[in-house]
Amino acid sequence: MPRFRPILDTMPAYKAGKAVASADGRSYKLSSNESPYDPLPSVVEAIAEGARQINRYPDPGAVRLTEAIAERYGVPAEHVALGAGSVTVAQQLFETVSEPGAEVIYAWRSFEAYPLLADLAGATSVRVPLKGEDHDLDAMADAITEQTRMIFVCNPNNPTGTSIRREALEAFLDRVPETVLVVLDEAYREYVRDAEVVDGLELYRDRPNVCVLRTFSKAYGLAGLRVGYLIAHEPVASAVRKTIIPFAVNSLAQIAAVASLAAEDELLERVDLVVKERTRVREALIAQGYDVPPTEANFVWLRLGDRTLDFAAACAVEGVAVRPFAGEGARISIGDPEANDTFIKAAGAYFSQPTLL
């Protein structure tokens with residue numbers, strides 16, 4: 001029998017959002033924070049044209065995409081590192097800092113891949129409980145030790161949707177030693193409308209130990225092609241590039257991401273529609289009696305405790321898939337108006353049950 005790493009015996013598998021269907025065949029997947037819209041015609045056209053060349057290996061350096069990202073954000077190309085989705089770039093980050101005894105700090109609950117990536121990389125997770133639904137930045141700073149190598153700050157936070165404002169984040173960064181890498185995970189940055197929630201790229205420029213992690217999966221609607229990127233000072237970006245698997249970002253993914261940046265104005269109009277629906281869904285839930293924290297992402301969070309799985313099952317009966325975290329709460333992605341209406345109706349019916357009054 002082959003011998004495997006003991007950590008594999010204790011690691012839970014990553015749980016992706018699932019689809020469900022009602023008895024009459026209705027199905028609304030609000031469990032994976034995906035864009036509810038099809039790719040733009042110009043992006044589809046670029047992908048179709050690129051498909052003629054898939055007998056060739058992709059550009060291993062993704063030069064066109066790297067340059068397009070650098071131009072879009074006004075940063076040197078040397079500050080950009082790519083990966084097959086931001087979760088893979090996160091994995092690359094863990095690989096750059098991890099060794100026996102190395103500690104990585106992150107809030108909990110936050111993005112569920114963090115503990116899995118830490119375990120696989122051999123790092124020690126230091127989970128700092130949320131304060132309400134928000135990052136407890138003071139406690140995270142207090143948790144820093146000589147062994148701390150990296151801190152993840154998910155902003156907006158997944159799954160709660162809450163965000164950290166400029167003053168609080170800057171005060172936190174001032175407490176972090178220069179030898180500790182701070183990763184601002186901004187997968188949902190395009191959905192932020194609170195002007196006080198600082199763009200991480202404003203902070204990284206003057207702080208060599210701060211980097212920004214983003215993705216084309218959410219607002220840009222390329223979840224199926226897997227493109228993520230990091231913007232950081234050259235030593236950090238260079239280290240991350242060393243850990244990428246050759247040809248990890250495939251040809252069509254590179255082409256689609258470049259085309260999406262070129263069509264960004266049109267894409268962001270769709271983001272505005274999601275933001276408007278986000279406001280409508282949250283206000284409807286509050287009117288029904290739910291406690292819904294402010295969200296700057298493309299989802300809402302309901303703290304349901306022991307009722308979480310029951311709530312998810314009730315939504316599934318209506319054909320709505322949500323993302324439950326047993327014993328804690330449910331995250332519900334913002335879909336198109338029809339999907340959102342169906343969810344609002346299901347949530348209202350659940351809350352009105354006599355046993356829940």
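At 357 residues, a compact globule should come out with a radius of gyration near 21 Å, and the protein chain has 20 Å, so the two agree. That radius is taken over C-alpha atoms, and the globule rule is 2.2 Å times the number of residues to the power 0.38. This is a predicted model, where local features need pLDDT of at least 70 and side-chain atom pairs count only at pLDDT 80 or more, while totals for chains, interfaces and linings use all residues. Residues are numbered from 1 along each chain as its sequence is written, and side-chain values use heavy atoms, with hydrogens and water left out.

Now for the overall picture. Along the principal axes, the C-alpha atoms fill a box of roughly 60 × 55 × 50 Å. The chain has twelve helices and twelve strands; these are DSSP runs numbered from the N terminus, with helices being H or I of at least four residues and strands E of at least two. Of the 357 residues, 54% count as buried, where buried means under 20% relative accessible area, exposed over 50%, and partly exposed in between (1.4 Å probe, protein chains only). Among contacts (heavy atoms within 4.5 Å) with a separation of 6 or more, 73% join residues 24 or more positions apart.

As for the surface, about 16500 Å² is accessible, and 52% of that belongs to carbon and sulfur atoms. Those areas come from the Shrake-Rupley method with a 1.4 Å probe. There are 36 positive and 50 negative side chains, and the centres of the two sets lie 4 Å apart. Lys and Arg count as positive and Asp and Glu as negative, with His and the chain ends not counted.

Three residues are handy for a closer look:

| Residue | Place | Relative accessible area |
|---|---|---|
| Ser32 | loop between strand 1 (28-29) and helix 1 (41-50) | 15%, buried |
| Val80 | strand 2 (residues 80-83) | 2%, buried |
| Ala223 | loop between strand 7 (210-215) and strand 8 | 29%, partly exposed |

Take Ser32. Leaving aside residues up to four places away in sequence, Ser32 touches Gly17, Lys218, Arg331 and Ser333. The Ser32 side chain also makes a polar contact with the side chain of Lys29, at 3.4 Å. A polar contact here is a pair of N or O atoms within 3.5 Å; within protein, one must be able to donate a hydrogen and the other to accept it, and residues adjacent in sequence count only if both atoms are side-chain atoms.

Val80 has a longer list: with the same neighbours in sequence left out, the residues touched include Ile69, Val75, Leu230, Ala237 and Arg241. Ala237 belongs to helix 8 (residues 234-242), where Val236, Ser238 and Val240 are buried along with it. The cover over the buried residues of helix 8 includes strand 2, helix 3 (86-97), strand 6 (181-185) and strand 8 (228-231).

Over at Ala223, the touched residues are Phe216 and Ser217, not counting those up to four places away in sequence. Ala223 and Ser35 sit 188 residues apart in sequence but 8.3 Å apart in space, C-alpha to C-alpha. Between Val80 and Ala223, 143 residues apart along the chain, the C-alpha separation is 20 Å.

Finally, helix 4 (residues 113-121) has Ala113, Tyr114, Pro115, Leu116, Leu117 and Ala118 buried. These residues pack against helix 3, strand 3 (103-108), strand 4 (124-129), strand 5 (148-154) and strand 6. Right after helix 4 comes Gly122, with a positive phi near 85 degrees.

Terms used
The place of a charge is taken as NZ of Lys, CZ of Arg, CG of Asp or CD of Glu.
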